[in-house]
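Here are some short exercises to work through with the model open beside you. Try each task before you read its solution.

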Amino acid sequence: MAEDLQKSNINGLSKTAKSGTSKKLIIKNLKDRPKLTESYTEDTWLKLRDAVCAIQNSTSIKYNLEELYQCSTETLDNLTFLKKMNGCWQDHCRQTIMIRSIFLFLDRTYILQNALLPSIWDTGLELFRTHIVSDSGVQRRTVDGILEQIERERAGETADRSLLRSLLSMLSDLQVYKECFEKRFLSETERLYAAEGQILMQEREVPEYLHHVAQRLEEENDRVISYLDQSTNKALISTVEKQLLGEHMNTILQKGLKTLLDENRVTELTLLYQLFSKVKDGLIILLQFWKQYIKDFGGEIVSSPEKDKEMIQELLDFKDKMDNVIQRCFQKNDNFNNTMKEAFENFINNRPNKPAELTAKFVDSKLRTGNKEATEEEMERTLDKIMIIFRFIHGKKDLAKRLLLGKSASVDAEKSMLSKLKHECGAAFTSKLEGMFKDMELSKDIMIQFKQYIQNQSESSSIELTVNVLTMGYWPTYTPMDVHLPTEMLKLQEVFKIFYLAKHSGRKLQWQPTLGHAVLKTEFKEGKKELQVSLFQTLVLLMFNETDELTVEEIRTATGIEDAELKRTLQSLACGKARVLNKTPRGKEVEDGDRFNFDSDFRHKLFRIKINQIQMKETVEEQVSTTERVFQDRQYQIDAAVVRIMKMRKTLSHNLLVSELYNQLKFPVKPADLKKRVESLIDRDYMERDKENPNQYHYVA
């Protein structure tokens with residue numbers, strides 16, 4: 001049977017419980033106001049006072065204030081003192097928390113409503129600061145002890161980090177951290193690392209020193225995380241960086257940058273960049289040494305004539321190496337990349353024209369070999385690299401030889417290079433090169449028509465003739481040489497002349513035998529072979545169809561080849577790798593009295609044998625000629641710079657114009673050459689002289 005129960009208490013709270021139903025809490029107003037005794041306030045205060053005294057006099061407080069003062073004056077070791085100090089602080093904090101718990105209502109209501117009154121916790125901190133930490137002896141022993149422990153830890157010994165964390169937190173809570181501890185701590189840190197930096201810079205190599213600095217910075221960061229106040233971090237790290245790096249930047253770079261770059265020490269170079277980026281002006285100083293290193297290293301490559309054969313490949317390898325350093329070590333910093341380009345332009349132009357000439361020859365050799373040494377992708381990458389240093393050069397003559405002799409391994413690679421040149425140097429620079437390609441393509445069409453024309457002729461020939469028709473304005477100038485061709489060759493030349501002029505009346509054909517080449521079918525005792533030779537080599541070899549032995553004079557008279565060219569031709573046939581002629585007497589040089597006979601015993605593993613012509617050494621006159629041709633190609637750059645300056649300035653004196661040109665042009669140029677280009681532009685009405693002052697120029701719009 002369900003039974004209702006109801007209870008009342010003095011708080012006016014009624015609680016009703018009914019079996020099988022949910023409980024309900026009902027709050028009712030007090031019927032009567034509670035009455036306090038007259039001594040309630042005094043009695044309550046006495047209870048609270050006794051409670052506070054009981055807390056303060058608790059036996060858990062091991063060290064009273066007098067004992068702590070005594071410790072600060074006795075010969076007690078610092079670590080023991082720190083432990084006693086920490087115990088005192090921990091006890092005080094515990095007691096303050098207990099007192100605050102008793103007066104919690106007061107602390108959270110009355111004190112919050114009165115801004116001028118400190119909280120119970122703040123009052124406890126103030127008491128501890130006033131009566132304990134502010135004492136000079138206690139404060140001095142505390143800070144000395146903390147600094148001693150940190151110094152030991154820096155020396156590799158073990159320190160009680162929890163003790164240090166507690167004491168430094170105490171100083172921070174008491175708001176004396178910066179005044180009492182941080183100033184002395186930073187001063188001691190500066191003294192320690194200043195001495196350490198001086199000693200280690202003398203004792204250690206740069207890579208080892210850099211790793212030591214990185215380790216020290218990591219240790220100091222760890223101290224901040226473990227026990228130092230976070231506000232100390234910036235000043236501490238800055239002090240370490242200044243003493244270990246900032247004071248020794250020049251010494252580090254003078255002593256170690258060259259070694260790091262020479263040995264491609266990627267890890268240490270990365271660390272060097274990271275460390276120097278943290279120090280004021282660190283990257284600026286590193287940039288200066290970086291530029292000087294490139295100029296010195298590159299200058300050695302360019303200025304050594306004995307290294308001319310490997311110069312361009314070494315420059316490309318050096319550029320790749322420096323690019324890799326910027327990419328992997330210097331965080332792709334644009335300043336370092338731009339400085340590298342400036343340094344390259346500087347040292348390459350220290351030796352006028354030669355790097356340009358060798359670059360052209362290097363490109364020539366690469367385009368000759370083509371896919372034999374590299375895939376299309378690799379060739380394209382190589383050409384891209386070459387274009388970085390392939391500026392303002394003369395390369396038409398080598399291109400002409402490749403195209404005419406069929407030595408270009410890839411027309412696509414040639415055209416790719418031409419496109420890069422056009423982008424780099426402008427359309428004016430490449431117009432003749434493009435004309436050369438156009439001539440070769442037209443020549444193919446002409447030869448298809450010529451073969452059809454030959455087939456319709458009554459007389460057939462055993463010689464298959466291929467002719468390349470060249471426009472003189474596009475191609476390099478070749479010295480004409482009259483030689484005595486066999487009758488059958490002369491007949492074919494005449495047939496082609498009649499065929500061509502019938503289609504293109506008014507044109508004049510001039511044959512260039514120096515560029516001719518042929519394939520000869522030859523019989524040796526070993527069997528039949530084919531010899532791939534120049535036209536001059538062909539004329540010499542054909543003579544041995546009529547006789548067994550000939551002198552140099554007899555060959556010269558019969559062929560009409562000039563003396564120097566003839567001797568080189570005979571040298572290639574009798575003194576080279578494939579010796580199809582025997583020379584008497586034996587030797588590497590050809591003299592006027594030498595005699596030659598055909599070597600029927602000649603053997604070779606290949607069916608078609610290429611006999612290379614001996615290259616003639618470049619004379620002083622030819623070097624001067626090369627320099628002049630390089631300038632001819634660069635004149636477009638000079639013209640463009642002059643017009644650009646005059647268009648912007650409108651009127652300018654000769655001296656100021658020359659000065660502006662030297663600032664803009666990236667290659668060396670003589671004042672006399674600049675004057676010629678100015679005269680040329682005046683003749684073409686791009687600019688004019690002032691009528692009253694001949695040294696003053698005006699831009700003609």
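Helices (H or I, at least four residues) and strands (E, at least two) are DSSP runs, numbered from the N terminus. The model is predicted, so local features need pLDDT of at least 70 and side-chain atom pairs count only at pLDDT 80 or more, while totals for chains, interfaces and linings use all residues. Residues are numbered from 1 along each chain as its sequence is written, and side-chain values use heavy atoms, with hydrogens and water left out.

**Exercise 1.** Find where Leu117 lies, and which residues form a nonpolar patch with it.

*Solution.* Start with the place: Leu117 is in the loop between helix H4 (104-108) and helix H5 (120-133). Next, check its exposure: Leu117 is partly exposed, at 38% relative accessible area. (Buried means under 20% relative accessible area, exposed over 50%, partly exposed in between, with a 1.4 Å probe and protein chains only.) Finally, look for partners: Leu106 and Tyr110 join Leu117 in a nonpolar surface patch, with about 270 Å² of accessible area together. Patch residues have over 30% relative accessible area and no salt bridge; like charges are joined within 9 Å, nonpolar side chains (Val, Leu, Ile, Met, Phe, Trp, Tyr) within 5 Å. A salt bridge is a side-chain nitrogen of Lys or Arg within 4 Å of a carboxyl oxygen of Asp or Glu. Areas come from the Shrake-Rupley method with a 1.4 Å probe, and for residues only the protein chains shown count as cover.

**Exercise 2.** Work out how strand S12 (residues 696-699) pairs with S10 and S11.

*Solution.* Two strands pair if DSSP finds at least two bridges between them. First take strand S10 (residues 651-653): three bridges join S10 to S12, and the two run antiparallel. Within this pairing, Thr651 has His698 as its bridge partner. Then take strand S11 (residues 687-689), which is also antiparallel to S12 and joined to S12 by three bridges. Here Met687 stands opposite Tyr699. Last, trace the link: S11 and S12 make a hairpin with six residues between them.

**Exercise 3.** Locate Lys332 and Lys650, and say what phi each has.

*Solution.* Most residues other than glycine have a negative phi, and most peptide bonds are trans. Lys332, in the loop between helix H14 (311-328) and helix H15 (334-348), has a positive phi near 55 degrees. Lys332 counts as exposed because its relative accessibility is 53%. Lys650 sits in the loop between helix H25 (620-649) and S10, and its phi is positive too, near 70 degrees. At 47% relative accessibility, Lys650 counts as partly exposed.
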